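Biologist: I would like to go through this protein with you, taking its sheet and one of its pockets in turn. Could you put the sequence and structure up before we start?

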Amino acid sequence: MNLMRPSTRKKRDHVIETALGLFMEKGYENVSVDDIIAATHTSKGTFYHYFNSKDDIVAEVGERQLAIVEQWMKRTPAQVQSLESHINRLFLDLAAGIGAYPRLYRSLAALSLHNDNLNRKYREQTDALYNALLRWLPDPEKASLLLSAYTGIVLKWCMSEGADLERMIRSELALLWAGLRTNEPAGPLSVSANPKEEPPMKIAVIGGGLAGLTAAAYLSEEPGVEGVLFERSPQLGGRAFTYEKAGFTLNYGAHAVYGIDRHKLTTLEKELGLSFSSKQVDKRKVMYEKHDQITPAPLDFVNLMKTELLSTMQKVRFVGEISAIMANIHQMKNYRTLGDFLADSNADEDLKELWEHLVCSNFFITPEDARRVSGAVISEYYHNLFLSMKPVNYVLGSWAVITNQLREKIDMSGRWEIAIQEGIDAIRYEDRKFVLTSKSRELAFDRVVFAMPVQQVIKLLKGTAWEPFLAPYESNTATEVMVYDVGLSRVVARPFSYISDMNNKMFISDVSATDHTLVPEGGQLLQGIAYLHDEFENEDARKKYLEQRTEQMEQLFDRHYPGWRDAIAVKRVSKKAMVASVKNIASNKLLPNRVENVPFYFCGDGCVGKGELAERAFASARTVAKSILKDVRQPATV
């Protein structure tokens with residue numbers, strides 16, 4: 001074939017691609033040589049000059065796969081970052097070569113059982129792949145396990161309607177590698193006795209935000225659990241909702257994930273087999289603006305030395321305070337609030353203001369509220385963040401990358417229903433079951449998980465026997481901010497990736513400077529956030545305040561992104577967007593995952609859990625799911 005003229009090769013390739021299209025459309029077994037000849041407008045003689053039978057066309061796909069294996073084997077260890085990533089690259093490249101032909105592979109899987117020619121070619125491919133793996137992984141059992149996993153994933157993929165082969169390989173091989181990485185010898189297989197068959201536990205998760213999706217994803221992995229995830233709105237994700245407009249991908253809220261390397265999201269990635277990429281914000285381009293002066297934000301030692309917010313002595317003291325927090329010996333943790341700590345501190349006003357501003361930035365609250373955050377909460381949060389190697393990251397492609405994978409995991413279990421646009425209107429206890437009522441039906445469950453703002457939980461349980469026990473959480477207030485998103489048709493300016501206005505307590509992120517996937521070519525996505533206080537004499541005062549904040553935000557855009565108004569392709573302003581359902585200040589109480597005398601589970605960013613914002617949603621949902629699964633797996637006592 002190497003001596004074939006270019007024009008002849010082009011004709012032959014046309015026959016191959018047309019035949020593969022027919023196989024894909026009708027199934028291999030339903031396409032004859034005559035069908036291929038008719039579709040390609042060639043003669044029988046021409047067809048049989050190129051191929052002995054239609055089996056040879058299928059063999060061409062195998063030849064292409066073998067060529068990928070051969071190319072992969074040419075790389076030397078010096079060119080390979082790691083054994084694991086090198087092997088994963090092979091499987092993903094092979095998947096890319098067959099990803100367009102699920103129906104063809106489904107046909108071949110069945111036909112190879114009784115077609116000797118196809119069976120022989122299939123064995124040749126698998127033998128070649130096994131020998132290639134063995135050269136890099138000289139452990140026959142592990143190589144065989146990898147091969148079995150890959151072929152099994154391909155088989156499952158071609159039998160599933162609309163499945164994404166690459167995504168399946170990424171998620172399932174991630175789980176397999178967790179076991180392969182150990183050098184411990186395999187112990188005997190643990191097999192439980194056949195128990196008396198128990199009916200599945202039925203669980204309702206109310207709320208399809210990050211917490212609800214996470215809880216349902218963990219619960220969906222348990223064979224003995226069935227459930228329904230209820231979401232009142234038309235889409236999943238809650239405040240992590242993502243949508244596209246004019247080529248721009250917009251999050252309904254902030255994009256950043258703080259301390260991702262120490263974040264619960266990394267735990268979810270490993271335990272649930274998620275796969276996503278993230279990119280760190282350029283710390284050298286994170287700036288603070290104070291009294292018309294722009295200076296680097298003190299995110300690390302380099303920026304701290306450069307910043308003009310603090311004098312040399314103040315910098316020395318700040319480094320000492322950071323070190324004390326990292327060592328968990330800082331006195332702040334013993335104070336009821338940041339305000340109490342600062343009142344007791346003999347630090348200069350500039351240093352006090354910096355602490356206040358840091359809490360504003362990370363908790364999305366005003367200075368007045370920052371002073372009301374618990375000293376213990378601040379110490380724990382910054383202990384984690386200062387130890388992080390990746391303080392501010394974006395998940396590339398937006399929150400949808402996470403929420404779509406969680407949804408897919410729930411769907412793939414086959415035991416869970418995702419009920420979109422179905423809210424729960426009432427709940428009662430009857431015949432040892434919790435009966436949930438929506439506008440269209442009533443369903444009974446063994447367990448109920450509330451993954452919704454505590455304010456909505458209290459509203460739903462109004463008038464029930466459980467209402468009095470939730471009274472301590474009824475006066476909780478939410479964290480709300482102004483969000484000012486603008487998608488620009490061109491990059492109007494890129495002086496920094498983040499500018500925080502310390503005077504007016506607001507900031508602008510150049511989201512597209514870190515995540516280029518969110519904008520059309522040449523575009524720019526800017527997100528402004530203004531912290532809001534929530535105490536007003538009347539409605540007119542509130543409206544006047546929000547108008548003032550809008551004007552201040554637009555002035556901040558004018559100062560640093562001149563010409564932005566003329567380049568607007570997409571604009572969305574939310575004057576009061578909820579960031580967290582419970583503001584983590586001393587006068588509020590986070591809802592525990594279990595409340596005494598209340599038989600439900602609670603998770604979300606307004607509940608007890610590690611971290612702030614999205615991390616608390618992930619962490620509390622994981623805790624709740626693990627607690628329920630422990631009950632499911634607990635052997636019955638006699």
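The questions and answers below concern a predicted model.

Biologist: Which strands stand at the edges of the open sheet of seven strands?

Modeller: In this predicted model, the order across the open sheet is β8-β7-β16-β17-β18-β15-β19, and the pairing is mixed. Each edge strand has a single partner, so one of its sides is left without a neighbour in the sheet. From one strand to the next the twist averages 20°. The strands at the edges are β8 (293–296) and β19 (568–580).

Biologist: Which residue is the bridge partner of M287 in β8?

Modeller: Strands β7 and β8 form a hairpin with two residues between them, and H291 in the turn has a positive phi of about 50°. The two strands pair in the antiparallel sense over four bridges. Within β8, the partner of M287 is P296.

Biologist: Which residue in β18 does M506 stand opposite?

Modeller: Strand β17, residues 506–510, runs antiparallel to β18, residues 524–531, and five bridges join them. In that pairing, the residue of β18 opposite M506 is A530.

Biologist: What angle does the direction of helix α21 make with that of β17?

Modeller: Helix α21, residues 539–560, packs on the sheet and touches β7, β8, β15, β16, β17, β18 and β19. Another helix, α15 (residues 349–363), lies across β7, β15, β16 and β18, and runs at about 125° to β7. For α21 relative to β17, the angle is about 45°.

Biologist: Which element gives the largest share of the lining of the second largest pocket?

Modeller: The second largest pocket holds about 900 Å³ of space, and of the 28 residues that line this pocket, the closest to its centre are R170, E269, L274, S275 and F276. The elements that give two or more residues to the lining are α5 (83–98), α9 (165–180), α11 (264–272) and α18 (400–413). The largest share, nine residues, comes from α9.

Biologist: How many residues of that pocket's lining are charged?

Modeller: The lining residues of the second largest pocket divide into three classes, of which 12 residues are nonpolar and seven are polar. The number of charged residues is nine.

Biologist: How far apart do the C-alpha centres of domain 1 and domain 2 lie?

Modeller: Domain 1 covers 52–179, whereas domain 2 is made up of 207–234, 418–472 and 585–633. Between the C-alpha centres of these domains, the distance is 42 Å.

How values were computed. Residues are numbered from 1 along each chain as its sequence is written. This is a predicted model: local features need pLDDT of at least 70, side-chain atom pairs count only at pLDDT 80 or more; totals for chains, interfaces and linings use all residues. Side-chain values use heavy atoms; hydrogens and water are left out. On a 1 Å grid over the protein atoms alone, a cavity is a set of points where a 1.4 Å probe fits but cannot get out, and a pocket is an open set with protein on both sides within 12 Å along at least five of seven lines; lining residues have an atom within 4 Å of a point. Grid points are joined across faces, edges and corners, and a volume is the space filled by probe spheres set on the points. Ala, Val, Leu, Ile, Met, Phe, Trp, Tyr, Cys and Pro count as nonpolar, Asp, Glu, Lys and Arg as charged, and the others, Gly among them, as polar. Domain bounds come from an automatic or database domain assignment. Two strands pair if DSSP finds at least two bridges between them. Axes are lines fitted to C-alpha atoms, for helices over the stretch in contact, and angles run from 0 to 180 degrees between N-to-C directions. Contact means heavy atoms within 4.5 Å.
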